[in-house]
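The following exercises are to be worked through with the sequence and the structure at hand. Each task is followed by a solution in steps.

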Amino acid sequence: MAETSRYFGPLLAERHDFAAASTVCDVGGGNGALLADILTAHPHLRGVLLDLPSVVEGAPAVLDRAGMGDRCEIVAGDFFTEVPAGCDRYVLKSVLHDWDDESCVRLLGTIRAAMPDGARILVLEAVVPDSGVPHPTHAFDLLMLVLTGAGRERTAREWASLFDRAGLRVDKTLDLAVLVVQELAPQE
Ligand SMILES: C[S@@+](CC[C@H](N)C(=O)[O-])C[C@H]1O[C@@H](n2cnc3c(N)ncnc32)[C@H](O)[C@@H]1O
């Protein structure tokens, strides 16, 4: 996962418009590699990294090596219970595909409760084609089933239905080749 973040971090930093944001929280952000790339590319931003205690143990070394240690707060916690409030962007990369629909709705609801007006959730996940044509995402789907038991890849329709259940809507999408960034805003 860390290796894929080294690929998608610079891409997201370049292709998403972070100009109006001041704080970015990476929810389930692992060792902070993706956040370090975003902060490096956008010197006006501060970061918040949230992951489980055993995982964030490795984050100071990664963030310090990137020279971003003093611009990033590290939070050890459970994203089903609480996420840091008041951030402008909440990044969720390759997290929701680990979970069943109920758990995803719970996690998205926790973020929704923490996000201020104007904030956005950036979901980076594969999108399975609706048509059932041969596509690599079908193999990812099988992999998630085997690895997690409850996780799965989803079609655009399935993602939209999940977001709707959490009171969110897709505001914009950004295609990063293998993954798609779905930018979520609260429903009116
Ligand atoms: C598939 S990994 C994705 C990591 C990172 N976003 C990336 O793309 O490289 C899922 C992440 O969710 C974290 N995670 C799982 N359950 C969690 C929980 N209850 N609270 C916080 N983080 C959790 C894991 O520790 C892991 O870092």
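## Exercise 1: The surroundings of D88

The model is predicted: local features require a pLDDT of at least 70 and side-chain atom pairs count only at pLDDT 80 or more, while totals for chains, interfaces and linings use all residues. Residues are numbered from 1 along each chain as its sequence is written.

Task. Determine which residues D88 touches, leaving out those up to four places away in sequence.

Solution. Step 1: locate D88 in the loop between β3 (72-76) and β4 (89-93); helices (H or I, at least four residues) and strands (E, at least two) are DSSP runs, numbered from the N terminus. Step 2: apply the contact criterion, C-beta atoms placed from the backbone and within 7 Å. With residues up to four places away set aside, D88 touches A21, S22, T23, V24 and A119. Step 3: compare positions along the chain; T23 is 65 residues apart from D88, yet their C-alpha atoms are separated by 5.4 Å. Step 4: assign exposure. A residue is buried if 20 or more other C-beta atoms (placed from the backbone) lie within 10 Å of its own, exposed if 12 or fewer, and partly exposed in between. D88 counts as partly exposed because it has 18 C-beta neighbours inside 10 Å.

## Exercise 2: The sheet

Task. Establish in what order the seven strands of the open sheet are arranged, and which strands stand at the edges.

Solution. Step 1: two strands pair if DSSP finds at least two bridges between them. Step 2: the order is β3-β2-β1-β4-β5-β9-β8, with mixed pairing. Step 3: β3 and β8 (168-176) stand at the edges; each has a single partner strand, so one side of each lacks a neighbour in the sheet. Step 4: examine two pairs. β4 and β5 (residues 120-125) are parallel and share five bridges, with V91 opposite L122 in β5. β8 and β9 run antiparallel and are joined by eight bridges, with R169 opposite A185 in β9.

## Exercise 3: Two residues with positive phi

Task. Decide whether S94 is buried or exposed, and do likewise for A177.

Solution. Step 1: most residues other than glycine have a negative phi. Step 2: S94, not a glycine, has a positive phi of about 55°, and A177, also not a glycine, has one of about 75°. Step 3: S94 lies in the loop between β4 and α5; A177 is in the turn of the hairpin formed by β8 and β9, which has two residues between the strands. Step 4: S94 is buried because 20 other C-beta atoms lie within 10 Å. A177 is exposed because it has 8 C-beta neighbours inside 10 Å.

## Exercise 4: The ligand shell

Task. State how many residues surround the ligand and into which classes they divide.

Solution. Step 1: a residue is near the ligand if its C-beta atom, placed from the backbone, lies within 6 Å of it. Step 2: 16 residues surround the ligand, the closest being M1, G28, G30, F79 and S94. Step 3: Ala, Val, Leu, Ile, Met, Phe, Trp, Tyr, Cys and Pro count as nonpolar, Asp, Glu, Lys and Arg as charged, and the others, Gly among them, as polar. The shell divides into seven nonpolar, five polar and four charged residues.

Definitions and conventions. Contact = placed C-beta atoms within 7 Å.
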